[in-house]
Amino acid sequence: MQARTLSKLAIVLATGALIAGCATPQQTNTAAGTGAGAVAGAGLGALFGGGRGAAVGAGLGAVAGGVVGYNWSRIRGDVENSGARDLGVGVAEQSDGSLKVNIPSTVSFDTGSYVVKPELRPVMESVARNLAANPELRAKVVGHTDSTGQAASNQTLSLNRAGAVANNISRLGVASNRITTEGRGQNDPIADNNTVAGRAENRRVEIYLYASK
């Protein structure tokens with residue numbers, strides 16, 4: 001009985017050291033932090049219910065590893081100070097360890113168009129500047145629409161808008177293979193499409209920055 005207790009204590013101590021290793025400076029790779037967090041979580045889970053506990057612990061550890069794997073404070077401040085606040089562009093860290101730049105349609109595109117408005121350029125310049133300065137970063141650009149019109153047309157428009165933002169960032173000096181795009185059309189609303197205000201919120205482009213080696 002005493003041997004088992006000492007064994008569990010050793011696991012806890014080793015796990016604590018591994019978790020501490022996940023909290024790293026700005027240049028830390030998020031994927032590495034997530035992997036280490038998953039291993040640490042599995043170790044903790046093993047103390048609370050065997051195999052099933054290990055699986056639950058690994059899931060929680062992976063989330064924690066992703067969150068602490070990268071320090072976004074400087075990049076977030078740079079994007080916000082580029083004019084994002086005045087334009088209504090939101091910048092927020094996500095639970096998966098990424099940084100989301102949420103661009104409303106009012107400052108990005110005219111209705112039915114995927115030509116990027118010039119007022120958005122300072123925000124894209126900030127994103128491009130930080131991607132260039134941090135080679136471990138990648139970007140994913142996701143386009144969304146409201147539910148007005150045909151679903152197929154909305155899907156195409158959302159993808160074209162994501163592509164337009166990605167192309168602008170690439171032209172500012174970021175290799176295109178570091179940027180991916182996705183169009184989700186009307187399938188991922190964040191507000192009520194039955195109201196004018198809700199539809200305006202749903203028409204958006206999101207840029208996700210994340211660390212990857």
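Let me start inside helix 4. Glu80 and Arg76 sit four residues apart there, so about one helical turn separates them. Their side chains meet in a salt bridge, 3.2 Å from N to O. Glu80 counts as buried, because its relative accessibility is 18% and the cut-off for buried is under 20%. Arg76 is partly exposed, with a relative accessible area of 29%. As a general point, side chains of opposite charge can pair when their charged atoms come close.

A word on what you are looking at. This is a predicted model. The average pLDDT of the protein is 78. A score of at least 70 is reached by 67% of the residues. Residues 5-25 have a pLDDT below 50. That stretch still has 20 contacts in the model beyond near neighbours in sequence. Residues 27-68 also stay under 50. For them the model has 65 contacts beyond four places in sequence. Please keep those two ranges in mind.

Now the overall layout. The protein has 213 residues, and 43% of them count as buried. Its secondary structure comes to seven helices and five strands. Along the sequence the pattern reads α-α-α-α-β-β-α-β-α-β-α-β. Take the contacts with a separation of 6 or more: 69% of them join residues 24 or more positions apart. The accessible surface is about 10600 Å². Carbon and sulfur atoms hold 58% of that surface.

Next, the core. Which residues touch the most other members of the largest nonpolar core? They are Val165, Ile169, Ile207 and Leu209, out of 33 residues in that core. Several elements each supply at least two residues to this core. The helices are helix 4 (73-87), helix 5 (121-133) and helix 6 (151-171). The strands are strand 2 (99-104), strand 3 (137-144) and strand 5 (204-211).

Look at Ile169 for a moment. Leave out residues up to four places away in sequence. Ile169 then touches Met124, Val127, Ala128, Leu131, Val174, Ile179 and Ile207. Ile207 is itself among the four residues I just named for the core.

On to strand 2. Is strand 2 enclosed or open, and why? Six of its six residues are buried, so strand 2 is largely enclosed by the rest of the structure. Leu99, Val101 and Ile103 point one way. Lys100, Asn102 and Pro104 point the other way. All of these are buried. In a regular strand, side chains alternate between the two faces of the sheet.

Strand 2 pairs with two strands that I want to show. Strand 1, residues 90-93, pairs with strand 2 in the antiparallel sense over four bridges. Ala92 stands opposite Lys100. Glu93 has Leu99 as its bridge partner. Five residues lie between the strands in this hairpin. Gly97 takes a positive phi there, near 95 degrees.

Strand 5 also pairs with strand 2 in the antiparallel sense, over six bridges. Here the bridge partner of Leu99 is Leu209. So Leu99 appears twice: it is the partner of Glu93, and of Leu209 in strand 5. Leu209 is also one of the residues that touch the most other core members.

Back to charges. How many salt bridges does the count give? The count comes to 11. Besides the helix 4 pair, two deserve a look. Arg204 and Glu206 meet through their side chains at 3.0 Å, N to O. Both Arg204 and Glu206 are buried.

The other pair is Arg184 with Asp188. Their closest N and O atoms are 3.1 Å apart. Arg184 is partly exposed, with a relative accessible area of 24%. Asp188 is partly exposed as well, at 30% relative accessibility. This pair belongs to a network: salt bridges with shared partners join Lys140, Glu182, Arg184 and Asp188.

To close, three places to click on. Start at Ile169, with its contacts to Met124 and Ile207, among others. Then go to strand 2, where six of six residues are buried. Finish at the network of Lys140, Glu182, Arg184 and Asp188.

Conventions: Residues are numbered from 1 along each chain as its sequence is written. This is a predicted model: local features need pLDDT of at least 70, side-chain atom pairs count only at pLDDT 80 or more; totals for chains, interfaces and linings use all residues. Side-chain values use heavy atoms; hydrogens and water are left out. A nonpolar core is a set of buried Ala, Val, Leu, Ile, Met, Phe, Trp, Tyr and Cys residues joined through side-chain atoms within 4.5 Å. Buried means under 20% relative accessible area, exposed over 50%, partly exposed in between (1.4 Å probe, protein chains only). Contact means heavy atoms within 4.5 Å. Two strands pair if DSSP finds at least two bridges between them. pLDDT is the predictor's confidence in each residue, from 0 to 100. Accessible areas come from the Shrake-Rupley method with a 1.4 Å probe; for residues, only the protein chains shown count as cover. A salt bridge is a side-chain nitrogen of Lys or Arg within 4 Å of a carboxyl oxygen of Asp or Glu.
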